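Work through the exercises below with the sequence and the model side by side. Try each task before reading its solution.

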Amino acid sequence: MNKIMIYAVLGTAIPACFAGCGLKEPDFDACGQIYATEVTVSAENSGRIVRLDIEEGDRLTAGQCYGNIDSVQTWLKKEELVRRRASAQVKTVDIECQTLAQYAKLENLKTELNRAEALLAKDAGTQKQVDDLESEIAVLKGQIAAAEQNYRQNNESIGCEIRTIDVQIAQTEDMLEKCRITAPISGTVIEKYIEKGENVTSGRQLFKLADMENLYVRAYFSSARLSGLHVGEKVTVIPDDGSPEPQSYEGTVEWISNEAEFTPKNIQTRDERADLVYAVKIAVRNDGRLRLGMYAYIIAGK
């Protein structure tokens, strides 16, 4: 039986808005099916499912963890890397501390040089004493510079090693995070594909979520019925739920296709001669009575 004739067959079941007009069938502008935003959650890591606290029909909250994939080996690897980082950190040289004694010796030599130069000025010392001290100072400065360069190179090498380990730690933390099974959106579990204790590989589908609070009707309007319809407009949505007097809902037009298409076989239009129609997405808030796949009639401008 064509869905556009359902109210005519029911007789007294014609909605008041139609009966008042003396119509034998709903004076709708378009017909479509109800659907929801669906997300299929897949495993992001490989291993055995050690926890999975979901069942079909459960309401999940976005961001919450509802299960775990075995992560013992990944955790142990992270602990190893943390200890390797600490070991590398210990090898870092305190350059100031290592060269403190050499700088103290340098200051002493400079003081002796000043004394030798003062004695030489008074003809109480020799030029050789001054030259020897200047030479010794120059040698010591060179030794300090060489030592500091070696210490800096050592620290830079250790710094590179630590940064490499930090990247590896971040990788293991990411792997640990991917062992958590979380809900990407708030919604209802409509299908479950896996059970606790099973082994999964990365990419294996675990379950499917659907946002059952914010539903959509994908309706099809003929060119004549589409005239004047615009995004943001409020329309009336009447679900074909089999009840004598279906509850009407307020819907909002969220999208109108720019291209015409042939009428889908499972969709009726107000004008059955219309072969080319335009798809329209209409948002509707679910009060708990709407179901996925249910047909709905759309009345625009009312």
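A salt bridge is a side-chain nitrogen of Lys or Arg within 4 Å of a carboxyl oxygen of Asp or Glu. The model is predicted, so local features need pLDDT of at least 70 and side-chain atom pairs count only at pLDDT 80 or more, while totals for chains, interfaces and linings use all residues. Residues are numbered from 1 along each chain as its sequence is written, and side-chain values use heavy atoms, with hydrogens and water left out.

**Exercise 1. Salt bridges**

Find the salt bridge of glutamate 213 and state which parts of the chain it links.

Solution. Step one: the partner of glutamate 213 is arginine 59, with N to O at 3.5 Å. Step two: glutamate 213 belongs to strand S8 (residues 205–222) and arginine 59 to strand S3 (residues 59–60), so the pair links distant parts of the chain, 154 residues apart. Helices (H or I, at least four residues) and strands (E, at least two) are DSSP runs, numbered from the N terminus. Step three: glutamate 213 is partly exposed at 33% relative accessibility, and arginine 59 is partly exposed at 41%. Buried means under 20% relative accessible area, exposed over 50%, and partly exposed in between (1.4 Å probe, protein chains only).

The structure holds 15 salt bridges. Among them is the one between glutamate 195 and lysine 192, at 3.2 Å from N to O. Here glutamate 195 is partly exposed at 42%, whereas lysine 192 is buried at 15%. Glu38, Glu191 and Lys208 are joined into one network by salt bridges that share partners.

**Exercise 2. An aromatic pair**

Describe how the rings of phenylalanine 28 and tyrosine 297 are arranged.

Solution. Step one: the structure holds 2 aromatic pairs. Rings of Phe, Tyr and Trp (its six-membered ring) pair if their centres lie within 6.5 Å; planes under 30 degrees apart count as stacked, over 60 as edge-to-face and the rest as tilted. Step two: the ring centres of phenylalanine 28 and tyrosine 297 are 4.9 Å apart and the planes stand at 40°, so this pair is tilted. Step three: phenylalanine 28 lies in the loop between helix H2 (16–19) and strand S1 (30–42), and tyrosine 297 in strand S13 (residues 295–300), 269 residues apart. Step four: phenylalanine 28 is buried at 1% relative accessibility, and tyrosine 297 is buried at 1%.

**Exercise 3. An open sheet**

Give the strand order of the open sheet of 4 strands and say which strands stand at its edges.

Solution. Step one: the order is S5-S4-S2-S7, with antiparallel pairing. Two strands pair if DSSP finds at least two bridges between them. Step two: strands S5 (180–182) and S7 (199–200) each have a single partner strand, so one side of each lacks a neighbour in the sheet. Step three: S4 (residues 65–69) is joined to S5 by 3 bridges, and cysteine 65 stands opposite threonine 182 in S5.

**Exercise 4. Asparagine 45**

Is asparagine 45 buried or exposed, and what does its side chain reach?

Solution. Step one: asparagine 45 sits in the loop between S1 and strand S2 (47–52). Step two: asparagine 45 has a relative accessible area of 15%, so it is buried. Step three: its side chain reaches the backbone oxygen of methionine 175 at 3.2 Å. Step four: contacts of asparagine 45 (heavy atoms within 4.5 Å) include Ile69, Lys178 and Val200, not counting residues up to four places away in sequence.

Note on methods. Polar contact = N/O pair within 3.5 Å; in protein donor to acceptor, adjacent residues only side chain to side chain.
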